[in-house]
Amino acid sequence: QVQLVESGGGLVQAGDSLRLSCVTSGGTFSSYTMGWFRQAPGKEREFVAGISRNGGITSYADSAKGRFLISRENAGNTVYLQMNNLKPEDTAVYYCAADRTFAFVVYKGAAEYDYWGQGTQVTVSS
């Protein structure tokens with residue numbers, strides 16, 4: 001069974017940085033498109049960033065563009081989300097997701113992803 005485990009969340013001040021990690025096991029990581037999503041209380045889960053199988057294609061939500069960077073290390077079955085200049089509105093539970101279906105684009109819809117982690121809390125104070 002494919003399992004995704006996120007780590008790296010925490011409580012930070014506005015303007016600080018965090019790097020989230022997601023380690024995947026039980027599958028062929030290098031064949032997965034990987035994405036990061038987040039969900040705040042009372043809101044829908046939203047796309048943050050995604051990366052293609054070989055890292056050649058990346059996609060970002062407008063709110064993340066210029067501040068966040070997604071990357072992957074296939075040898076370690078790990079995808080990262082480097083978050084810089086964090087804002088209070090970034091506060092959410094962040095989820096790692098894997099899409100095992102080949103595509104020419106990185107999908108932004110949560111329904112496109114097959115496997116999900118349990119999430120890691122990111123809280124940004126003013």
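# Exercises on a disulfide-linked chain

The structure holds one disulfide, a pair of cysteine sulfur atoms within 2.5 Å. This is a predicted model: local features need pLDDT of at least 70, side-chain atom pairs count only at pLDDT 80 or more, and totals for chains, interfaces and linings use all residues. Residues are numbered from 1 along each chain as its sequence is written, and side-chain values use heavy atoms, with hydrogens and water left out.

## Exercise 1: the disulfide

Task: Find which residues form the disulfide, and place them in the chain.

Solution.
- Step 1. The partners are Cys22 and Cys96, with sulfur atoms 2.1 Å apart.
- Step 2. The pair links distant parts of the chain, 74 residues apart. Cys22 lies in strand β3 (residues 18-25) and Cys96 in strand β9 (residues 92-99). Strands (E, at least two residues) and helices (H or I, at least four) are DSSP runs, numbered from the N terminus.
- Step 3. Take the angle about the S-S bond. The value is -80°, and the link of Cys22 and Cys96 is left-handed.
- Step 4. Check the cover. Cys22 and Cys96 are both buried. Buried means under 20% relative accessible area, exposed over 50%, and partly exposed in between (1.4 Å probe, protein chains only).

## Exercise 2: the whole chain

Task: State how many helices and strands the chain has, then describe its overall build.

Solution.
- Step 1. Count the elements: zero helices and 11 strands.
- Step 2. Compare the radius of gyration with the globule rule. The chain has 13 Å, close to the 14 Å given for 126 residues, so the chain is as compact as a globular protein of that length. The radius is taken over C-alpha atoms, and the rule is 2.2 Å times the number of residues to the power 0.38.
- Step 3. Box the C-alpha atoms along the principal axes. They fill roughly 40 × 30 × 25 Å.
- Step 4. Look inside. Of the 126 residues, 43% count as buried.
- Step 5. Look at contacts (heavy atoms within 4.5 Å). Among those with a separation of 6 or more, 59% come from residues 24 or more positions apart.

## Exercise 3: a loop glycine

Task: Decide whether Gly42 is buried or exposed, and locate Gly42 in the chain.

Solution.
- Step 1. Gly42 sits in the loop between β4 (33-39) and β5 (46-51).
- Step 2. The relative accessible area of Gly42 is 88%, so Gly42 is exposed.
- Step 3. Set Gly42 against Arg67. The two are 25 residues apart in sequence and 24 Å apart in space, C-alpha to C-alpha.
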